[in-house]
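Student: I am new to this structure and would like a close look at one part of it. Could you start from a single residue and then show me what lies elsewhere?

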Amino acid sequence: MVSNLIVGNWKMNNDFVAAIHLTQQIGILARQADVAGVSLVVTPPTCDLRSVSSVIEADRLAIKLGAQHAYWEDGGAFTGETSIPMVKRLGCTFIIVGHSERREHFGMTDDAVAKTTASALRHDLTPIICVGESEEIRDNEGHVEFVSSQILAAVGGLTASQRRDVVVAYEPIWAIGTGKVASSEQVAEMMAVIRSAWPEDGGDITVLYGGSVKPENATELASTPGVDGFLVGGASLSGEQFVEIAAAAAKCYR
Ligand code: PGA
(Lines give C-alpha, C1' and ligand atoms only; values in the text may rest on other atoms or scores of the structure.)
Protein backbone atom coordinates (compact mmCIF):
# COMPACT_ATOMS: atom_id res chain seq x y z
CA MET A 1 0.00 0.00 0.00
CA VAL A 2 1.16 3.49 -0.84
CA SER A 3 0.12 6.38 1.34
CA ASN A 4 0.25 10.16 1.15
CA LEU A 5 1.69 11.36 -2.13
CA ILE A 6 2.18 14.76 -3.69
CA VAL A 7 2.88 14.17 -7.36
CA GLY A 8 4.05 16.88 -9.74
CA ASN A 9 2.92 16.36 -13.32
CA TRP A 10 5.18 18.63 -15.37
CA LYS A 11 3.43 17.67 -18.63
CA MET A 12 5.38 18.78 -21.74
CA ASN A 13 7.35 21.46 -19.89
CA ASN A 14 11.04 21.83 -18.97
CA ASP A 15 13.93 20.61 -21.11
CA PHE A 16 16.62 18.63 -19.27
CA VAL A 17 18.47 21.73 -18.06
CA ALA A 18 15.31 23.30 -16.62
CA ALA A 19 14.31 19.93 -15.19
CA ILE A 20 17.60 19.59 -13.28
CA HIS A 21 17.18 23.07 -11.92
CA LEU A 22 13.58 22.56 -10.77
CA THR A 23 14.41 19.20 -9.17
CA GLN A 24 17.25 20.74 -7.16
CA GLN A 25 15.03 23.60 -6.12
CA ILE A 26 12.28 21.26 -4.94
CA GLY A 27 14.79 19.08 -3.08
CA ILE A 28 16.36 22.04 -1.28
CA LEU A 29 13.04 23.67 -0.39
CA ALA A 30 11.66 20.35 0.84
CA ARG A 31 14.61 20.04 3.24
CA GLN A 32 13.73 23.39 4.77
CA ALA A 33 9.97 22.83 4.87
CA ASP A 34 8.09 20.40 7.07
CA VAL A 35 6.94 17.74 4.64
CA ALA A 36 7.33 14.74 6.95
CA GLY A 37 4.58 12.23 6.27
CA VAL A 38 4.18 12.85 2.54
CA SER A 39 6.26 11.55 -0.36
CA LEU A 40 7.16 13.97 -3.13
CA VAL A 41 7.12 12.57 -6.64
CA VAL A 42 8.06 14.41 -9.84
CA THR A 43 7.10 13.22 -13.31
CA PRO A 44 9.23 15.05 -15.89
CA PRO A 45 9.03 14.52 -19.65
CA THR A 46 10.59 11.19 -20.64
CA CYS A 47 13.70 12.80 -22.16
CA ASP A 48 14.51 14.41 -18.78
CA LEU A 49 14.27 11.25 -16.68
CA ARG A 50 17.95 10.36 -16.85
CA SER A 51 19.10 13.85 -15.81
CA VAL A 52 16.55 14.16 -13.03
CA SER A 53 17.36 10.71 -11.72
CA SER A 54 21.10 11.57 -11.65
CA VAL A 55 20.55 14.79 -9.73
CA ILE A 56 18.25 13.08 -7.19
CA GLU A 57 20.95 10.49 -6.58
CA ALA A 58 23.94 12.84 -6.56
CA ASP A 59 22.32 15.39 -4.25
CA ARG A 60 20.50 12.74 -2.19
CA LEU A 61 17.18 14.50 -2.63
CA ALA A 62 14.05 13.13 -0.98
CA ILE A 63 12.16 13.02 -4.26
CA LYS A 64 10.77 10.01 -6.08
CA LEU A 65 10.63 9.75 -9.83
CA GLY A 66 7.75 8.87 -12.09
CA ALA A 67 7.03 8.74 -15.82
CA GLN A 68 4.08 10.54 -17.38
CA HIS A 69 3.45 7.75 -19.83
CA ALA A 70 5.02 4.62 -21.32
CA TYR A 71 3.91 1.86 -23.66
CA TRP A 72 2.77 -1.47 -22.23
CA GLU A 73 4.90 -3.75 -24.44
CA ASP A 74 8.42 -4.39 -23.10
CA GLY A 75 10.13 -3.78 -26.42
CA GLY A 76 9.82 -4.22 -30.17
CA ALA A 77 8.79 -2.41 -33.33
CA PHE A 78 6.88 0.51 -31.79
CA THR A 79 8.51 3.59 -33.27
CA GLY A 80 8.53 6.56 -30.96
CA GLU A 81 7.47 4.68 -27.85
CA THR A 82 9.29 4.03 -24.58
CA SER A 83 8.62 0.92 -22.51
CA ILE A 84 8.04 0.54 -18.81
CA PRO A 85 11.28 -1.44 -18.21
CA MET A 86 13.12 1.44 -19.93
CA VAL A 87 11.73 4.11 -17.61
CA LYS A 88 12.29 1.81 -14.66
CA ARG A 89 15.99 1.59 -15.57
CA LEU A 90 16.08 5.38 -15.36
CA GLY A 91 14.94 5.28 -11.75
CA CYS A 92 11.16 5.59 -12.05
CA THR A 93 9.09 3.94 -9.35
CA PHE A 94 5.78 5.53 -10.40
CA ILE A 95 3.96 6.00 -13.68
CA ILE A 96 0.91 8.12 -14.47
CA VAL A 97 -1.54 6.03 -16.47
CA GLY A 98 -4.43 7.35 -18.51
CA HIS A 99 -4.17 11.05 -17.79
CA SER A 100 -7.14 12.80 -19.42
CA GLU A 101 -4.76 14.56 -21.83
CA ARG A 102 -3.53 11.15 -23.05
CA ARG A 103 -7.10 9.97 -23.39
CA GLU A 104 -8.24 13.14 -25.18
CA HIS A 105 -5.31 14.04 -27.44
CA PHE A 106 -3.70 10.66 -28.05
CA GLY A 107 -6.70 8.37 -28.13
CA MET A 108 -5.77 6.35 -25.07
CA THR A 109 -8.63 3.93 -24.44
CA ASP A 110 -9.75 2.18 -21.25
CA ASP A 111 -8.22 -0.97 -22.68
CA ALA A 112 -4.83 0.74 -23.13
CA VAL A 113 -5.09 2.06 -19.57
CA ALA A 114 -5.69 -1.48 -18.29
CA LYS A 115 -2.75 -2.90 -20.28
CA THR A 116 -0.39 -0.14 -19.16
CA THR A 117 -1.47 -0.61 -15.55
CA ALA A 118 -0.84 -4.35 -15.76
CA SER A 119 2.58 -3.79 -17.33
CA ALA A 120 3.54 -1.27 -14.64
CA LEU A 121 2.62 -3.75 -11.90
CA ARG A 122 4.48 -6.56 -13.64
CA HIS A 123 7.61 -4.42 -13.46
CA ASP A 124 7.02 -3.20 -9.89
CA LEU A 125 6.15 0.36 -10.75
CA THR A 126 3.24 1.99 -8.97
CA PRO A 127 0.62 3.05 -11.50
CA ILE A 128 -1.24 6.29 -10.77
CA ILE A 129 -4.44 5.72 -12.71
CA CYS A 130 -6.27 8.90 -13.67
CA VAL A 131 -10.04 9.02 -13.86
CA GLY A 132 -12.46 11.91 -14.10
CA GLU A 133 -15.50 13.20 -15.91
CA SER A 134 -15.95 16.06 -18.38
CA GLU A 135 -18.09 19.06 -17.60
CA GLU A 136 -20.79 17.75 -19.91
CA ILE A 137 -20.97 14.40 -18.12
CA ARG A 138 -21.23 16.15 -14.76
CA ASP A 139 -23.91 18.53 -16.03
CA ASN A 140 -25.92 15.49 -17.09
CA GLU A 141 -25.29 13.85 -13.72
CA GLY A 142 -23.42 10.95 -15.27
CA HIS A 143 -20.20 11.44 -13.26
CA VAL A 144 -20.73 8.65 -10.73
CA GLU A 145 -21.44 6.04 -13.35
CA PHE A 146 -18.70 7.29 -15.68
CA VAL A 147 -15.92 7.30 -13.09
CA SER A 148 -17.03 3.94 -11.66
CA SER A 149 -16.81 2.42 -15.13
CA GLN A 150 -13.34 3.92 -15.69
CA ILE A 151 -12.21 2.32 -12.43
CA LEU A 152 -13.59 -1.09 -13.30
CA ALA A 153 -12.09 -0.96 -16.79
CA ALA A 154 -8.66 -0.09 -15.38
CA VAL A 155 -8.41 -2.51 -12.46
CA GLY A 156 -11.11 -5.14 -13.07
CA GLY A 157 -8.69 -7.53 -14.78
CA LEU A 158 -6.06 -7.41 -12.03
CA THR A 159 -5.81 -9.73 -9.07
CA ALA A 160 -6.91 -8.47 -5.66
CA SER A 161 -3.31 -8.39 -4.48
CA GLN A 162 -2.21 -6.38 -7.55
CA ARG A 163 -5.00 -3.92 -6.86
CA ARG A 164 -3.45 -3.15 -3.49
CA ASP A 165 -0.44 -1.62 -5.27
CA VAL A 166 -2.42 0.81 -7.39
CA VAL A 167 -2.94 4.53 -6.80
CA VAL A 168 -5.94 6.36 -8.26
CA ALA A 169 -6.09 10.07 -9.09
CA TYR A 170 -9.52 11.63 -9.39
CA GLU A 171 -9.12 14.50 -11.82
CA PRO A 172 -12.35 16.09 -13.06
CA ILE A 173 -11.47 17.29 -16.56
CA TRP A 174 -13.24 20.60 -16.01
CA ALA A 175 -10.88 21.37 -13.13
CA ILE A 176 -7.62 20.61 -14.94
CA GLY A 177 -5.65 23.74 -15.78
CA THR A 178 -8.78 25.86 -15.53
CA GLY A 179 -8.40 27.34 -12.05
CA LYS A 180 -11.85 25.89 -11.37
CA VAL A 181 -11.37 23.61 -8.41
CA ALA A 182 -13.89 20.98 -7.36
CA SER A 183 -15.64 21.73 -4.06
CA SER A 184 -14.91 19.69 -0.96
CA GLU A 185 -18.36 18.10 -1.23
CA GLN A 186 -17.80 17.11 -4.86
CA VAL A 187 -14.37 15.70 -4.08
CA ALA A 188 -15.57 13.81 -1.00
CA GLU A 189 -18.41 12.28 -3.00
CA MET A 190 -16.06 11.06 -5.74
CA MET A 191 -13.52 9.69 -3.27
CA ALA A 192 -16.32 7.53 -1.87
CA VAL A 193 -17.55 6.58 -5.36
CA ILE A 194 -14.08 5.36 -6.36
CA ARG A 195 -13.74 3.28 -3.20
CA SER A 196 -17.17 1.76 -3.57
CA ALA A 197 -16.52 0.89 -7.24
CA TRP A 198 -13.46 -1.11 -6.10
CA PRO A 199 -13.97 -4.85 -6.57
CA GLU A 200 -12.93 -5.52 -2.95
CA ASP A 201 -13.28 -3.29 0.05
CA GLY A 202 -11.71 -0.10 -1.30
CA GLY A 203 -11.41 1.50 2.11
CA ASP A 204 -7.63 1.52 2.22
CA ILE A 205 -6.70 2.32 -1.39
CA THR A 206 -4.73 5.50 -2.04
CA VAL A 207 -6.75 8.11 -3.90
CA LEU A 208 -5.36 11.49 -4.95
CA TYR A 209 -7.18 14.58 -6.11
CA GLY A 210 -5.98 16.60 -9.11
CA GLY A 211 -7.30 19.71 -10.83
CA SER A 212 -6.11 23.26 -10.11
CA VAL A 213 -4.47 22.38 -6.79
CA LYS A 214 -2.66 25.47 -5.48
CA PRO A 215 -1.10 26.48 -2.15
CA GLU A 216 -4.30 28.47 -1.41
CA ASN A 217 -6.64 25.47 -1.64
CA ALA A 218 -4.29 22.67 -0.55
CA THR A 219 -5.28 22.65 3.12
CA GLU A 220 -9.00 22.46 2.41
CA LEU A 221 -8.57 19.77 -0.23
CA ALA A 222 -6.15 17.68 1.84
CA SER A 223 -8.61 17.80 4.75
CA THR A 224 -11.45 16.54 2.55
CA PRO A 225 -12.51 13.04 3.60
CA GLY A 226 -10.87 10.37 1.46
CA VAL A 227 -8.14 12.52 -0.13
CA ASP A 228 -4.70 10.92 0.33
CA GLY A 229 -2.67 13.46 -1.64
CA PHE A 230 -2.54 15.36 -4.89
CA LEU A 231 -1.63 15.21 -8.54
CA VAL A 232 -0.47 18.74 -9.28
CA GLY A 233 -0.04 20.17 -12.77
CA GLY A 234 0.53 23.92 -13.21
CA ALA A 235 1.61 24.63 -9.64
CA SER A 236 4.23 21.86 -9.77
CA LEU A 237 6.26 23.94 -12.24
CA SER A 238 7.11 26.28 -9.38
CA GLY A 239 9.36 24.72 -6.75
CA GLU A 240 8.01 27.09 -4.10
CA GLN A 241 4.36 26.34 -4.82
CA PHE A 242 4.89 22.60 -5.10
CA VAL A 243 6.66 22.41 -1.74
CA GLU A 244 4.10 24.75 -0.15
CA ILE A 245 1.34 22.40 -1.29
CA ALA A 246 3.26 19.41 0.09
CA ALA A 247 3.82 21.15 3.44
CA ALA A 248 0.13 22.11 3.70
CA ALA A 249 -0.93 18.54 2.97
CA ALA A 250 1.65 17.07 5.34
CA LYS A 251 0.26 19.20 8.14
CA CYS A 252 -3.24 17.81 7.53
CA TYR A 253 -2.02 14.21 7.53
CA ARG A 254 0.00 14.44 10.75
P1 PGA B 1 -3.54 21.31 -12.97
O2 PGA B 1 -3.29 19.90 -13.68
O3 PGA B 1 -3.03 21.21 -11.56
O4 PGA B 1 -2.76 22.30 -13.78
O5 PGA B 1 -5.00 21.57 -13.02
C6 PGA B 1 -3.52 18.69 -13.01
C7 PGA B 1 -3.18 17.53 -13.91
O8 PGA B 1 -3.43 17.61 -15.11
O9 PGA B 1 -2.68 16.49 -13.45
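**From a buried arginine to the ligand**

Tutor: Let's begin with R163, which counts as buried because its relative accessibility is 6%, under the 20% that marks the limit for that word. Please keep in mind that this is a predicted model. If you look for R163 along the chain, you will find it in helix α8, which covers residues 160–163. What does the side chain of R163 make a polar contact with? Its partner is the side chain of E200, at 2.5 Å. E200 also appears among the residues that R163 touches, together with V155, G156, L158, W198 and P199, when residues up to four places away in sequence are left aside.

T46 makes a useful contrast. T46 sits in the loop that runs between β2 (39–43) and α2 (49–58). Its relative accessibility is 32%, so T46 counts as partly exposed. Leaving out residues up to four places away in sequence, T46 touches H69 and T82. E145 is another story: T46 and E145 are separated by 99 residues in sequence, and their C-alpha atoms are 33 Å apart in space.

Now let's turn to the nonpolar interior. In soluble globular proteins, nonpolar side chains tend to be buried together. Here the largest nonpolar core has 67 residues, and the members touching the most others are I6, I26, I194, Y209 and F230. Helix α11, spanning residues 239–253, gives the most to this core, contributing seven residues. A separate core of 11 residues lies apart from it, including F94, V167, L208 and L231. Y209 is worth a pause: beyond four places in sequence, its contacts include Y170, P172, A175, V181, M191 and F230. L231, which belongs to the core of 11 residues, is also one of the residues that Y209 touches.

The ligand is our next stop. Which residues are closest to the ligand? They are K11, H99, E171, G177 and S212, out of 13 residues that surround it. Sorted by class, this shell holds four nonpolar, seven polar and two charged residues. Three glycines offer backbone atoms to ligand oxygens: a polar backbone atom of G177 is 2.6 Å from one oxygen atom, a backbone N or O atom of G233 lies 2.8 Å from an oxygen atom, and a polar backbone atom of G234 is also 2.8 Å from an oxygen atom. On its own the ligand would expose 280 Å², and the protein buries 97% of that.

Finally, look again at K11 and S212, two of the residues closest to the ligand. K11 lies in the loop between β1 (5–9) and α1 (16–32), while S212 belongs to the loop between β7 (206–210) and α10 (215–222). The phi of K11 is positive, near 50°, although K11 is not a glycine. S212, also not a glycine, has a positive phi of about 55°. Are these two buried or partly exposed? K11 is partly exposed because its relative accessible area is 22%, whereas S212 is buried, with 8%.

Terms used. Residues are numbered from 1 along each chain as its sequence is written. This is a predicted model: local features need pLDDT of at least 70, side-chain atom pairs count only at pLDDT 80 or more; totals for chains, interfaces and linings use all residues. Side-chain values use heavy atoms; hydrogens and water are left out. A nonpolar core is a set of buried Ala, Val, Leu, Ile, Met, Phe, Trp, Tyr and Cys residues joined through side-chain atoms within 4.5 Å. Buried means under 20% relative accessible area, exposed over 50%, partly exposed in between (1.4 Å probe, protein chains only). Helices (H or I, at least four residues) and strands (E, at least two) are DSSP runs, numbered from the N terminus. Contact means heavy atoms within 4.5 Å. A residue is near a molecule or strand if one of its heavy atoms lies within 4 Å of it. A polar contact is a pair of N or O atoms within 3.5 Å; within protein, one must be able to donate a hydrogen and the other to accept it, and residues adjacent in sequence count only if both atoms are side-chain atoms. Accessible areas come from the Shrake-Rupley method with a 1.4 Å probe; for residues, only the protein chains shown count as cover. Ala, Val, Leu, Ile, Met, Phe, Trp, Tyr, Cys and Pro count as nonpolar, Asp, Glu, Lys and Arg as charged, and the others, Gly among them, as polar.
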